[in-house]
Amino acid sequence: MRETPEELNELQALLDTSLSRSTSHLRSIINSERSLTAEQLTQVLTGMCTLALATVTAKGEPRISGVDGHFLHGKWHFGTARDAAKARHLAVRSAASAAHMRGEDLGVFTHGTVETLNPQDGEPADDWPDLLAYFKDFYGEDSFDWDNDIVYYRLHPHWMTVYAPDIAKLTAASQS
């Protein structure tokens, strides 16, 4: 868990607010008995988590693809090739949605806007050196030309909800 107490509080507030603003249909499925707290979520979402990432084309058409997601400091971080279609979409339209699902045991659904962490022709995010160290440790120092091949994003969520019908099973699996 890499989250500070402040980040956990922000994440918990986001989870609570998102669920309270959801439809009655969603709240009939996702409720306090079938969800996770911010602290539980950060304990479950460790390492790389495959995300289904949705972006939008210039014509307003949705596109979905997979990315390696890393849940760090209460937000999703992911990368892609600089010349990927999703990178072109996100360069112009920063809205994105992401879903991480583990069968019927876990679903994390997020809507928000992305921040480019290492722009090709701009200043990187203040925390990019720490994030880059994490990614190099995870993938290997020589896996990519980190400056030119890959663009990384942070998804700033304005809505996030979690479905976990068996919290004990899920948290036990993440501790083994």
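**Exercise 1.** In this predicted model, determine whether Arg 63 counts as buried, partly exposed or exposed, and then characterise its salt bridge with Glu 61.

*Solution.* Step 1: the relative accessibility of Arg 63 is 40%. Step 2: buried requires under 20% and exposed over 50%, so Arg 63 counts as partly exposed. Step 3: Glu 61, at a relative accessible area of 33%, is partly exposed. Step 4: in the salt bridge between Glu 61 and Arg 63, the closest N and O atoms are 3.0 Å apart.

**Exercise 2.** Describe the salt bridge of Glu 115 with Arg 154 and the place of each residue in the chain.

*Solution.* Step 1: the N to O distance between the two side chains is 2.9 Å. Step 2: Glu 115 belongs to strand S5 (residues 106–116) and Arg 154 to strand S6; the two residues are 39 apart, and the pair links distant parts of the chain. Step 3: Arg 154 has a relative accessibility of 9%, so it counts as buried, whereas Glu 115, at 24%, counts as partly exposed. Step 4: a network of salt bridges links Glu 115 and Arg 154 together with Asp 127.

**Exercise 3.** Characterise the largest pocket by its volume and its lining.

*Solution.* Step 1: the volume of the largest pocket is about 160 Å³. Step 2: it is lined by 13 residues, and the closest to its centre are Gln 12, Asp 16, Ser 32, Ser 35 and Leu 36. Step 3: helix H1 (5–20) and strand S6 (150–163) are the elements that give two or more residues to this lining; the largest share, 4 residues, comes from H1. Step 4: by class, the lining has 5 nonpolar, 7 polar and 1 charged residues.

Note on methods: Residues are numbered from 1 along each chain as its sequence is written. This is a predicted model: local features need pLDDT of at least 70, side-chain atom pairs count only at pLDDT 80 or more; totals for chains, interfaces and linings use all residues. Side-chain values use heavy atoms; hydrogens and water are left out. On a 1 Å grid over the protein atoms alone, a cavity is a set of points where a 1.4 Å probe fits but cannot get out, and a pocket is an open set with protein on both sides within 12 Å along at least five of seven lines; lining residues have an atom within 4 Å of a point. Grid points are joined across faces, edges and corners, and a volume is the space filled by probe spheres set on the points. Ala, Val, Leu, Ile, Met, Phe, Trp, Tyr, Cys and Pro count as nonpolar, Asp, Glu, Lys and Arg as charged, and the others, Gly among them, as polar. A salt bridge is a side-chain nitrogen of Lys or Arg within 4 Å of a carboxyl oxygen of Asp or Glu. Buried means under 20% relative accessible area, exposed over 50%, partly exposed in between (1.4 Å probe, protein chains only).
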